Amino acid sequence: MENSKKYRYCRAIFPALLFLLNPVKVSAVDGRVVWDNKCEECHGDPIRFSEKYLWNIEGQLQGQHHIEDLDLYMRQHYIPDYAFGSIRNLLLKSANSPARFNIDCSQCHGTVAAFVKKSIWVRGNEVTGLESGRDIREFLPAHQNLQTRDVSFYLKLFARTAGKPFYDEEPLPEAITR
Ligand code: HEC
Ligand code: HEC
């Protein structure tokens, strides 16, 4: 009893002491420095990581994988509180934005949500035309002058919109061996 009280007391006082001894300027934390120290060993380059796996949905950072609450996931994931904002901003800058579909495709296909619901089927790592039966990975390079990078982007966007797990390149857990 007595011990656990002491323990709780220490737990409360210890971070406060640390803070006093070592005041961290919250605004001055460089996301890149934190990344290199705490994330690089598993995830490699932050721009590549973000381009491959992350989304900027109206200013919110979201995962290809962790669609729902990436902020919560990241808070439980090796990220010190003081660095959270700067890491988030670093990743947000190179994350994918679904706004591209509105600009380049919507005039013919409507919203991405409506298009995917009506025309796209994602199953395993295959993306198929729901009615046409087309392999969309093969179809897209001949459509609208799309380049390989664009094809990869749209396959990911369709899968994400369909709420299905999907990796166009290496699956996330296998990308952790750097
Ligand atoms: C020890 C290895 C390791 C370190 C260090 C690490 N991560 Fe991760 N991270 C993982 C693994 C493994 C996953 C995939 C987990 C899963 O599939 O649920 C992951 C997933 C993620 C995701 C989710 C991506 C998605 O598609 O949903 C984000 C974002 C992320 N990490 C950010 C970070 C940041 C930022 C740091 C540094 C502060 C960091 N990670 C440090 C191993 C690591
Ligand atoms: C000028 C109009 C136009 C634009 C812009 C356009 N598409 Fe299309 N798209 C079409 C037409 C028409 C078809 C049907 C072609 C057919 O069935 O032969 C089609 C078919 C598709 C299909 C196959 C659907 C199926 O059911 O098989 C996909 C996927 C697709 N478009 C993606 C895109 C993407 C991604 C963009 C934006 C980069 C885009 N399209 C821009 C006109 C357009």
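## The surroundings of helix H6

Helix H2 (31-38), H4, strand E1 (54-57) and strand E2 (60-63) are among the elements that cover the buried residues of H6. The model described here is predicted. The residues of H6 that count as buried are Ser86, Ile87, Leu90 and Leu91. Viewed down the axis of H6, these buried residues fall within an arc of 130 degrees, so they line one face of the helix. Asn89 and Lys93, on the other side of H6, are exposed.

## The crossing of H4 and H6

Two packed helices are described by the angle between their axes and the distance between the axes. For helix H4 (residues 46-53) and helix H6 (residues 84-94), the axes come within 8 Å and cross at roughly 65 degrees. The crossing in which H4 passes H6 is right-handed.

Which residues make the contact between H4 and H6? From H4 come Pro46, Ile47, Ser50 and Glu51, and from H6 come Leu90, Leu91 and Ser94. By character, the residues of this contact divide into 4 nonpolar, 2 polar and 1 charged. Leu90 and Leu91 also appear among the buried residues of H6.

## Leu70 at helix H5

Leu70 lies in helix H5, which spans residues 70-75. Is Leu70 buried or exposed? Leu70 has 20 C-beta neighbours inside 10 Å, and it therefore counts as buried; the cut-off for a buried residue is 20 or more.

Leaving aside residues up to four places away in sequence, Leu70 touches Leu61, Gln62 and Gly63. A further relation links Leu70 with Gln60: the two are 10 residues apart in sequence, and their C-alpha atoms are 9.0 Å apart in space.

## Two residues with positive phi

Most residues other than glycine have a negative phi. Glu58 is not a glycine, yet its phi is positive, at about 50 degrees. Glu58 is found in the loop between E1 and E2. Because Glu58 has 9 C-beta neighbours inside 10 Å, it counts as exposed; the cut-off for an exposed residue is 12 or fewer.

Asn145, also a residue other than glycine, has a positive phi near 55 degrees. Where is Asn145 placed? Its place is in the loop between H10 and helix H11 (148-161). Asn145 has 7 C-beta neighbours inside 10 Å and so counts as exposed.

## The shell around ligand 2

How many residues surround ligand 2? The shell holds 16 residues, and the closest are Cys105, Cys108, Ser119, Gly129 and Ser132. Helix H8 (106-109) and helix H10 (136-139) are the elements that give two or more residues to this shell. The largest share, 3 residues, comes from H8.

In terms of character, the shell around ligand 2 divides into 6 nonpolar, 7 polar and 3 charged residues.

## The chain as a whole

The chain contains 11 helices and 4 strands. It has 178 residues, and buried residues make up 22% of them. Among the contacts in the chain with a separation of 6 or more, 62% are between residues 24 or more positions apart.

Methods. Residues numbered from 1 in each chain as written. Chains lettered and ligands numbered in written order. Predicted model: local features only at pLDDT ≥ 70, side-chain atom pairs only at ≥ 80, totals over all residues. Contact = placed C-beta atoms within 7 Å. Near = placed C-beta within 6 Å. Nonpolar A, V, L, I, M, F, W, Y, C, P; charged D, E, K, R; others polar. Axes fitted to C-alpha atoms, helices over the stretch in contact; angles between N-to-C directions. Left-handed = near helix turned anticlockwise from the far one by under 90°. Arc of directions from axis to C-beta.
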